[in-house]
Each structure stands twice: as C-alpha cells, then as structure tokens.
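Please read the following with the sequence and the 3D view side by side, since the text moves from the chain as a whole to its sheets, its helices and a few single residues.

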Amino acid sequence: MAKREQPLSGEEDGFARAEGLAGKGRQLEMAAQAAGIGLFLVDFEAGITVLSGGVPGMFTSKTGKACSSFDAWMDGLVSADRAAMDEALAAASAPGSSGRLIAEVHSGGSNPRPVLILGQVHFTGSGDSREPSRVSGAMLDQSGEGLVQEMLSKRQGLETIGRFAGVIAHDFNNLLTVILANLEMAAFKTRDEDARGLLRRAAEAAEMGAGFNKRLLALAGVGRSAPVVIAVNRHITGNWQILERLLSEHTRLTFHPCADAWPVTADPSELDGAILNLIANARDAVADGGGVAIATENVCLTPEQVAGMSGAAPGEFVRISVSDTGSGMPASVAAQALEPFFTTKPTGSGSGLGLTSVGMTVARAGGFLQLETAPGEGTSVSLYLPRAPEAAECLGGDQDGEVPFGDGQLVLVVEDDPLVREAVLQRLEVLGYAVIEAADGEAALELLQQGEPVDLVFSDVVMPGRLSGYDLALLLRRRHPGIAVLLTSGYASRGVSRQRQLTSPVELIAKPYSLQVLARAVERALAGAGQGGR
C-alpha cells in the first residue's frame, strides 16, 4: 500500500491533528521529546506517516542526515536490525496476534545508538479477515543521552548516597553522642556560668550536626521523620544565635514574626536544617553585604489563589519566608533551582541538593515550597506548612523543666562502641541509676542468664553479631517480660522487620540525645514496665 510521508513541522502539528488532540498533543510531544522519546503513527489505510519531533534527531540516514520519515529511518537501520524490525512488525500484524510491537534496534550513522521501539498494531475486521489498519508507538533512546536515562542515573546516584549515608550516619552519630555527653557532663560539674554558656552553645552545635546527618538520610530515603507540634516563632528565636553565626559581619539578619502564629507539625531537626540551608543560600547571595530576613505569617489559601502555584493546595498554612537583598535569579535559573544536582555555585561550593532537600522536608510535613525571584530584586523562598490542629503551648516546657532522676534501678547498657558505652554509663550514673554493661546482644543475654537483677535494658540497634537491638528486644519480651526495654540508634532501618514482630512498640531515641531526653525516656520505659520506683 502506498504511503504519503508527512513529517511533523512546528507550524503544522500533524501528530496532534492525527490523534485529534490539537494543543494537548503538542504539549505531550514536547514532553516526550525532552525525555528522549520519539512518537510515531503509521496509518496504512490513509497512507499517512506522522513522526514526532523526537524521531528525526534519534536516527540518521545512510547519507548522514537526520531522518524525517518512517521509510528513511527504516532504511537507515543496519541490515540485521532492519530484518529484526520487519520480522517484529510482521509478527505484530499477523491475524491472530495481539498487535504488540517490541523491537530493539540501533540508529544509523557513525555513532549508532540503541533504541527500544514499543508499539501497538490496530486492526479492522475480525477473525481471519482482520487486517492491520495502523501502528502507533514510541521509540526510547537508551544511549543515556535522553532525560529518562539521565534521571535514572541520578536516582542510582541517590541510592548510592543512601547506602553510604547509612554507614556514615551510624559512626557519625556515635561520635556526636560522645561529644554531647562530655559537654553536658562538663556543664553539669562546673559552676562557672560563662563556661556553662560556652558548653551549652557547643552542645547545641552538636545537636545541629545530628540534624544535618538526619537530613542526609532523609534525602537518600533511609531516614525516619519524627514530626511534633512546633510553635514556629519560639522555635526560630530559640536557634537565633546559631542562625546569626552563619552570616558574615557585613550581613544583617532580621526576624519579622507574625503575631499569634499558628502551630505546625514537622520534624524539628529537619525544619532547622531547612531554615539553615535557606540562610546559607541567602548569605551566599549577599556575600558583598546586604540583608537577610526571616518572616512568619498565617495564610489562608483558596482554590483560586493556588491555581497558579506549583504543588500548592488550598487550606490554612504558616508561611516561613527567608528573603535576601541579593542580585536575584533570571527566569532560566529559577526554573531549575529546585532540580536535584543543579547549582550555580563554583565546584566544591555546592552539591545542588540543598533546595531539593528543603522541598522534601516541606513535602513530608504536608506543605509546599514557593520561590520568588527576579534579577536585581533579590530572592525569597517560602515554606508553607499546614496549620496543626492542636496548640503548641506545652512545647519548650521540657527544655526548662527539671531532669527526672532514678532511684538506683539497675540499667544494662548494650553498646558495641566503647567510647559511646562509657559516655552512656556516666550519664546514667549521674541520673541516679546503677549500671552494668555489655558489648553486644549475646553478652547481654548471658548476663541476664546469670541472674543479674536488671530493671531496664538500654540497647543500640545496629551492633555486630547476630542480634540487633530489635532482635534483643524481641527475645527479652519472650524470656524476660518484666524487664523494661529502651533502644537508641543513629541509623535504625536494619531492624524494621524485627520491630514489626514486637507485640507492643519499644521506644527508640535517636543519637545523639541530650541528658534530658535520655532521662525522660528511661523514666517512661521504667514506668511502662511498672518499675518507676522502689
């Protein structure tokens, strides 16, 4: 059957007209072309061949020119691929066939590229009289030059980051635990208020380092988010000294809080990391001097207002904005600012993951991010966090409240790192508990088998040997149900399967933790086991 070649042009959108989709067809075609996908339609009855814009650049004819027709790129295939394509098309067009067309070929020219062809043959008639009427489908560039392959490569890169992050996080959080414990112990023993203030600032920096580590794990998809109700204004002012230290002496930081800002629900360390990231970006934007401002505001967004806002939803939100007086971004840069690995900073100064991680933090909290910028007008990044249904008046009370002390209960500390183990033992003794120690789960079980009158087992999750912390907790529930259990880890994903086998949950506190967090967690665990006092 004769065919009339009709390649797609910018003025005459043949593909969209053939499918009856007009403007929408053109939009789909543009998206497919950007992804390294070519679309084709061959109408045997009308004698029409229509190719999308992605096809000509994907194949090269025997003369070395880009192909603009179905026959031209078929002729440009090497002989083996041409035979395979003819065979696949014949098989898909057979009367009893499902019509599914699958073929792997290589483009012609001096630099052939692998192309996967996926299509569907459509028929008229039925039974033995059924005949193919047209075939449509897609061609996927598998050379790695298309956006699909690029995105897959980036995803593999993130997975690699996740694997390394899990290994690094465990050791790094152990180190921070030791640092934080010794800083707190030093502050506990000194009466010099100036020294206590310096030690407290150093402890806050260690806790902030744990927040950075947690954000890395969250970005790689292996972290756990622990959202709580947050009083936004109080939270920001509580970290003000740390925020100010990020800026140079030539940069002024101001805060414009909203009166009676609503509470939000988010992971505190992730929110800290997001704000710090935005402050750091603003600092770089005003490196020669300028201003950076943080503002909070209650906003009620209607469906009409969010219609033009990407990723937005109507509802009640608290908007946290970080704005700078820098040079701003051109539209081409702003359009890519949230993409992973995109950065305008010099090599070694930025990974391109900063705003990506901020966006993920806000999304986990149920909100969204908006970027406003223009050349010469600075940049403002706004985090929209949903209003929490409950008040946050009680937040911050634990920070100023009294530390609960023990009454001589015996705590078995199970930790493989000797420095961490020693720091935990010292903290528990200061809190009024008797302590014994074990380097792994097997040693802990042996001590219990010997009859040690343990009230609480405080165990790391990730340990050498055959028993993780969750494995140990599961065995304790079966063999020693009267003993309270408390777990800790800087990276606990390895024990998830065992965690699900526990009939009742075991509390886990993330490393590094403060003395007060440890004290209250031990108090809750003992109270839950009915051993809160003697």
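Of the contacts in this chain that join residues at least 6 apart in sequence, 67% link residues that are at least 24 apart. The model is a predicted one, and its chain of 534 residues has 46% of them buried. The secondary structure amounts to 18 helices and 18 strands, and two of the sheets, each with a helix or helices packed against it, are followed here in turn.

One sheet is open and has 5 strands in the order E8-E10-E11-E13-E12, with mixed pairing. Its edges are formed by strand E8, residues 251-256, and strand E12, residues 368-373, each of which pairs on one side only. From one strand to the next the twist averages 20 degrees.

Within this sheet, E10 and E11 are paired in the antiparallel sense over 10 bridges, and in that pairing Glu297 has Arg319 in E11 as its bridge partner. E11 is also joined to E13 by 8 bridges, again with the two strands running antiparallel, and here Ser321 has Ser382 of E13 as its bridge partner. How many residues of E11 are buried? The count is 7 of 10, so that strand E11 is mostly covered, as judged by a relative accessible area under 20% for each buried residue. Towards the edge of the sheet, E12 pairs with strand E13, residues 379-386, in the antiparallel sense over 6 bridges, and Glu372 stands opposite Ser380 in E13.

Helix H9, which spans residues 268-285, lies across E8, strand E10 (290-301), strand E11 (315-324) and E13. The direction of helix H9 makes an angle of about 35 degrees with E11.

A further open sheet, also described by 5 strands, has the order E15-E14-E16-E17-E18, and its pairing is parallel. Strand E15 (434-438) and strand E18 (508-510) are the edge strands, each pairing on one side only. When direction is ignored, neighbouring strands of this sheet are turned against each other by 20 degrees on average. At the E18 edge, strand E17, residues 484-489, runs parallel to E18 and is joined to it by 3 bridges, with Leu508 of E18 serving as the bridge partner of Leu487.

Helix H14 (residues 418-430) packs on this sheet, where it touches strand E14 (410-414), E15 and strand E16 (456-460), and its direction makes about 165 degrees with that of E15. Helix H16, residues 469-479, lies across E14, E16, E17 and E18, and runs at about 155 degrees to E16.

H16 also has a helical partner. Two packed helices are described by the angle between their axes and the distance between the axes. Helix H15 (residues 441-449) packs with H16 at an angle of about 20 degrees, and their axes are 11 Å apart. Why do H15 and H16 count as roughly parallel to each other? Angles under 35 degrees are classed in this way, and the angle of about 20 degrees between H15 and H16 therefore makes the two helices roughly parallel. Their crossing is right-handed. In the contact, Gly441, Ala444, Leu445 and Leu448 of H15 meet Leu472, Leu475, Leu476 and Arg479 of H16, and these residues divide into 6 nonpolar, 1 polar and 1 charged.

Beyond strand E18 the backbone has a feature that deserves separate attention. Most peptide bonds are trans. The bond from Lys511 to Pro512, however, is cis, with omega near -10 degrees. Pro512 is found in the loop that connects E18 with helix H18, residues 515-528.

A last stop lies elsewhere in the chain, at Ser93, which belongs to helix H4 (residues 79-93). Is Ser93 buried or exposed? Its relative accessible area is 16%, and because buried means under 20%, Ser93 counts as buried. Leaving aside residues up to four places away in sequence, Ser93 touches Val121, Phe123 and Pro132. Val121 is 28 residues from Ser93 along the chain, and the C-alpha atoms of the two are separated by 6.3 Å.

Key
Residues numbered from 1 in each chain as written. Predicted model: local features only at pLDDT ≥ 70, side-chain atom pairs only at ≥ 80, totals over all residues. Heavy atoms only, no water. Pairing = 2+ DSSP bridges. Helix = DSSP H or I, 4+ residues; strand = E, 2+ residues; numbered from the N terminus. Axes fitted to C-alpha atoms, helices over the stretch in contact; angles between N-to-C directions. Contact = heavy atoms within 4.5 Å. Parallel < 35°, antiparallel > 145°, perpendicular 65-115°, else oblique. Left-handed = near helix turned anticlockwise from the far one by under 90°. Nonpolar A, V, L, I, M, F, W, Y, C, P; charged D, E, K, R; others polar. Buried < 20%, exposed > 50% of the residue type's maximum accessible area, 1.4 Å probe, protein only.
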